[in-house]
Amino acid sequence: MTDDNHHSATDIVQSIREGRTTPSAVMAAHLDRIAAREAVVGAFIHLDADRAMQRARAADNRPATGALHGVPFAIKDIIDTDDMPAAWGSDSLAGRRPAGNAACVQAFLDAGAIPLGKTVTTEFAYFKPGKTANPHRLSHTPGGSSSGSAAAVADLMAPLAFGSQTAASLIRPAAYCGVAAFKPTTGAFDLSGVMALSPSLDTLGILARDPRDFVLARCVLTGTPMPAPLDFSGRLPRICLMRGPHWQDGSIEMREACRRAMAALAACGADTGEIAHPPLFADLTQAHKDVMGYEAARSRADVYDSHRPMISTQFAELIETGKRVTDTRYHAALAMRDRANAMVEVMLGDCDALLAASAPGEAPEGLGATGDPLFSRMWTLLQLPCVALPLGVGPQGLPLGIQLIGRKGDDARLLAVAAWAHDGLRDA
């Protein structure tokens, strides 16, 4: 077994281009890791190792011209492919076979990336968990709903994985599994071929161990060239802590992690500060729940009505609660979102990113639930770009993390700040 599965997507591409490794060697390293660990981690719901290796060997004989040439990637099982099932984490849709690839999958294939398989998602990307365990401690949740994608990246089974977020489904599992995640500005990535739950909130994203990979993936998904690196030599990033309305609902170690992160970034030269949240922000979590419930009850009514006996209690409660959200209440929640977004723009001022908690603390014990999405609901409602970064471990020896939040639409700057901050937080 080689260590090709330890490297970032960026480094894999470079190594292949320089002739230091090959797509088949990279794939073999990842498949060996999956063979050794999948039985206990349970990251994948569908895996075709022979097909993946066949594609990798074919890539050995092609010029390494694609932006992701030879890079293995995993696909959350709410995303369509033309050669694998997509049951959306539900027994009611077992055997569902899409006719084509989701836009994001096709973009990665066109760039030379090689799919490993489909990763476990919670049922309909909501609360009922699948089989996946946290690779850092198998008795603890990996988070959700992008459970398998986070676990696969954390356990060195894949350098990149597609996930999605409607509440906290990228940021929370990244925090629990000790990896990075990128939730772009809502609408930045094409959702064609991705299961819809709440159109105002649904966001395709990426999990990786190195945030530099997000820049590469974003360029592939948006069809744009790699940007010139932002020059922080003249002015290092300004990063401001926002405790938010739920600060006291998190663990002591989470609050300490945020303080430790701010101190470490200041020590690296960042201009740091703190921004108080407006009183309106205390109502954004409920507004998020109203929007999510209202839209889910309508977008997934077909599945709910057709397969009710096979639907989990958790998802049924979401749909039934959403049915009770009136049109007036729904539109009031959207209006509140718009007012809050205007406040964020003013609050940020010359701040490049906000720093906030990414989860209540370490991953909870047990596989019957995926943890509380409390610390991301607000940011998801506001449709802002977010990057989760790991930050050491808590008292149980499990990962902790923080998230950086940027201006709506300014994803490129947020990713540059995140890459800079990731280096500064390595020893925090």
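# Working through a predicted fold

Glu274 is partly exposed, with a relative accessible area of 47%. On this scale, buried means under 20% relative accessible area, exposed means over 50%, and partly exposed is in between (1.4 Å probe, protein chains only). Before you start: this is a predicted model, where local features need pLDDT of at least 70 and side-chain atom pairs count only at pLDDT 80 or more, while totals for chains, interfaces and linings use all residues. Residues are numbered from 1 along each chain as its sequence is written, and side-chain values use heavy atoms, with hydrogens and water left out.

**Exercise 1.** Work out which residue forms a salt bridge with Glu274, and where the two partners lie.

*Solution.*
- Step 1: recall the rule, a side-chain nitrogen of Lys or Arg within 4 Å of a carboxyl oxygen of Asp or Glu.
- Step 2: the partner is Arg243, and the closest N and O atoms are 2.6 Å apart.
- Step 3: Glu274 sits in strand β8 (residues 271-274) and Arg243 in the loop between β7 (238-241) and α8 (252-267), so the bridge ties together parts 31 residues apart in sequence. Helices (H or I, at least four residues) and strands (E, at least two) are DSSP runs, numbered from the N terminus.
- Step 4: Arg243 counts as partly exposed, because its relative accessibility is 33%.

**Exercise 2.** Find how many salt bridges the structure holds, then look at the partners of Asp155 and Asp11.

*Solution.*
- Step 1: the total is 22.
- Step 2: Asp155 pairs with Arg37, with 2.9 Å between the closest N and O atoms. This pair links distant parts of the chain: Asp155 is in the loop between α5 (147-154) and β4, Arg37 is in helix α2 (residues 23-41), and they are 118 residues apart.
- Step 3: Asp155 is buried, because its relative accessible area is 4%.
- Step 4: Asp11 meets Arg212 in a salt bridge of 3.3 Å, N to O. Here helix α1 (residues 9-17) supplies Asp11 and helix α7 (residues 212-222) supplies Arg212, 201 residues apart.
- Step 5: add the network that links Arg235, Asp352, Asp410 and Arg413.

**Exercise 3.** Decide whether Thr166 is buried or exposed, and say what its side chain joins in a polar contact.

*Solution.*
- Step 1: place Thr166 in the loop between β4 (160-165) and α6 (171-177).
- Step 2: its relative accessibility is 5%, so Thr166 counts as buried.
- Step 3: the side chains of Thr166 and Asp202 are joined by a polar contact of 2.7 Å. (That's a pair of N or O atoms within 3.5 Å; within protein, one must be able to donate a hydrogen and the other to accept it, and residues adjacent in sequence count only if both atoms are side-chain atoms.)

**Exercise 4.** Explain why Cys177 and Cys386 have no disulfide.

*Solution.*
- Step 1: a disulfide needs a pair of cysteine sulfur atoms within 2.5 Å.
- Step 2: for Cys177, the closest cysteine sulfur is 18 Å away, in Cys386, which is too far for a bond.
- Step 3: for Cys386, the closest cysteine sulfur is in Cys258 at 13 Å, again too far for a bond.
- Step 4: check with the search of the whole structure, which finds 0 disulfides.
- Step 5: look at burial too. Cys177 counts as buried at 1% relative accessibility, and Cys386 counts as buried at 0%.
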